[in-house]
Amino acid sequence: MSVALTIAALKTGDYTVTRTAASSTDGHGRIVPGATSTFSIEAVIEPATERDLRLLPEAMHTQDLRLVFTVTELRGEPRPDSIAIDGEAWQVVGRPQRWTAFGATHTEAIIARTVIP
Amino acid sequence: MSVDWATIENAIHAWIANATGIAAARVLWAEQGIERPSAGPWVSLRFLDFRSSGIDWSTNRDADEPTPGAEVVTTLNGTRVAHLSIQCFAGAATGANRAVAILDRAMMALASPLQKSRFAAARIGIGAVGSIQPISAPINSVIFEPRASWELDLLLAAEATQTGTNIASVGVTGVLPTGDATDPATEVVAFVVPPEESTPKVAGFWPRNAAQMRAAAAESGDWAFAWNFDNARTDGWVSTTPAEFGGDAGLLYDPGGVLYRVPGFFEGDFAVEFTRDAMTGFGPADNGLFDLYADTSIAFMAAARFTPTASDEGFILGKGVQTVCGYDLTIAPSGAISLLAKSEFSIPAVIATVDANHYDNAPHIVLAIVDRAAQTLQLFTDLGASPAMDITQIGSMAVNTLVWSVGTSFDLPMESPPMQLSYLAVATGDVSRLRANGAAAVASLRRWIGL
């Protein structure tokens, strides 16, 4: 069974992803953010493991991290995708890993909660 | 607003883009979560430090279009030092486009007259200029990227404005008897009690501003009656009550005699001394003596009603004499009121005259002002004002005090009508302010008397 089928079978839900297009400048060195668009993904979202935490960039500190498995490609820096979980925004950290195996391609990404209550 | 950041950022950005030849879209302000531009050199700009170079200051001016509560515009000014970091990424390792060379072009442009004018327009000055340092480093541990960093101080102008008011207080003092709100007789003129501005002649003795006069006199009224020598009335138009007598001038009453006194400049002397009869108004049978300083500014007021008679030949309303110099306040047979200032030898002398007939049986206010700072002598009455006469030629009246006489006193053959006399100010700033607002001051005095 491919990982894609496993994700479909074990998915924790459908999630809305917000993606930001490339930015431009105002001609004076100030960034004008790009437009945003949204789409839905099936994903397995689970707590990050200790091994995942070791993959974080130097000095990265956050209070809530999770791991995402989805067949949809997710984007990280410099314009990371944002995933809504229970109404809260979680942002992709670093660069998601894209794996092709067993007849399918899936994405593994670490996401961090952007607002800590 | 303090520093005009948008204008400054635009000017700096234009400078770097024009001088280095790097496209404007590849010169970026840092700290925006920016993504690296595509391959090729690009520049990052960032302010590392921001501080003041000294103590800020403020200036005041009248508002161009004043509104109630916003009659004054206060401008706050200061200078700021902003430490700018300029970093060039992905330049060439060698040659004209190496990272250091790119930043050097920006450094060279600082000497350009065109660039100087652009910075001047944005109110930017150049402070300490640091060195350009290569800081080349690998990207992702595998790609070597030539880089250079340059830091320099920029001098910026900080400015902010705010509005304020110069109205100290507003109060309702009466009800207009008619619908004519512009009637000068009922107009309320606001004055601000000035701060202490001059050095007292003798601390504790000689008041130097209205507040001290009022304190000395235990006067509960307005400054305009700062130090009344006489609050009497004989003809019904100047109010008087026993309470006002007692609280009027802080006078020392000699119960065994007939004199009212206030301590004066010299030991055992009195700034004010007059007979009890004079309490009912200075007249031919009364007298009063007051110390005046001839060499400093002074403003005083006389209030009287001049009744025309067939025998009127004019009065000396008061006379300040020290040897031969001093001041004479007179009313002429024509009704014109004059203040004469005489030098130490009587010549030269200067006279200020309000050339209007005051012999009309109406109460009049006479405001006499000797402004030694402006070197002017001027009279204001409710019938007009004299020109401001130049008393420079009088010179310094090298005396300590004059004795101002009213009524029959000394050995001077003079007469005075029933009148009231008050010191208004002896501080330089107070006198100057009264002179500048003479007509309004007379109107205010009339208002306070109840005219």
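The following paragraphs go through a predicted model of two chains, A and B, beginning with the fold of chain A and ending at the contact with chain B. Residues are numbered from 1 along each chain as its sequence is written, and chains are lettered from A and ligands numbered from 1 in the order in which they are written. In this predicted model local features need pLDDT of at least 70, side-chain atom pairs count only at pLDDT 80 or more, and totals for chains, interfaces and linings use all residues, while side-chain values use heavy atoms, with hydrogens and water left out.

Chain A contains a closed barrel of 6 strands, in the order β1-β4-β5-β8-β7-β6, with antiparallel pairing. Helices and strands here are DSSP runs numbered from the N terminus (helices H or I, at least four residues; strands E, at least two), and two strands count as paired if DSSP finds at least two bridges between them. From one strand to the next the twist averages 45 degrees; axes are lines fitted to C-alpha atoms, for helices over the stretch in contact, and angles run from 0 to 180 degrees between N-to-C directions.

The barrel can be followed strand by strand. Strand β1(A), residues 13-20, runs antiparallel to β4(A), residues 36-47, and 8 bridges join the two. In this pairing A:T20 is set opposite A:T36. On to the next neighbour, β4(A) is joined by 5 bridges to β5(A), residues 65-70, again antiparallel, with A:I45 opposite A:V68.

Between β5 and β6 of chain A there is a loop that holds A:P78. The peptide bond between A:E77 and A:P78 is cis, with omega about 5 degrees.

Strand β6(A), residues 82-85, pairs with β7(A) in the antiparallel sense over 4 bridges, and A:I83 lies opposite A:W90. These two strands form a hairpin with 2 residues between them. One residue of that turn is A:D86, in the loop between β6 and β7 of chain A; its phi is near 50 degrees, a positive value in a residue other than glycine.

A second hairpin follows, formed by β7(A) and β8(A), also with 2 residues between the strands. In its turn A:F102 has a positive phi of about 55 degrees. Strand β7(A) covers residues 88-101 and β8(A) residues 104-113, and their antiparallel pairing extends over 9 bridges. Within it, A:W99 stands opposite A:H106, and the bridge partner of A:Q97 is A:E108.

Helix α1(A), residues 3-10, packs on the sheet and touches β4, β5 and β8 of chain A; contact means heavy atoms within 4.5 Å. The direction of this helix makes about 85 degrees with that of β4(A).

Charged pairs come next. Side chains of opposite charge can pair when their charged atoms come close. The model has 16 salt bridges over all chains, each being a side-chain nitrogen of Lys or Arg within 4 Å of a carboxyl oxygen of Asp or Glu. One of them joins A:E88 and A:R113, whose closest N and O atoms are 2.6 Å apart. Because A:E88 lies in β7(A) and A:R113 in β8(A), the pair ties together parts that are 25 residues apart in sequence.

In chain B, helix α3(B) covers residues 113-121, and at its start a side-chain oxygen of B:S112 reaches to within 3.2 Å of the backbone nitrogen of B:L114. Just after this helix, B:R123 has a positive phi of about 60 degrees.

The two chains meet through 12 residues from chain B and 9 residues from chain A. The area buried between them is about 900 Å², of which carbon and sulfur atoms give 45%; buried area is the accessible area (1.4 Å probe) that two parts lose on being put together, summed over both. On the chain B side, B:N10, B:Q32 and B:E35 supply 52% of the area that this chain buries against chain A, more than any other three residues.

Between the chains there is 1 salt bridge. It is formed by B:E9 and A:R30, with the closest N and O atoms 2.9 Å apart. The elements of chain B that give two or more residues to the side touching chain A are α1 (5-20) and β1 (27-29). Of the elements of chain B, α1(B) gives the most, with 4 residues.

Methods: A polar contact is a pair of N or O atoms within 3.5 Å; within protein, one must be able to donate a hydrogen and the other to accept it, and residues adjacent in sequence count only if both atoms are side-chain atoms.
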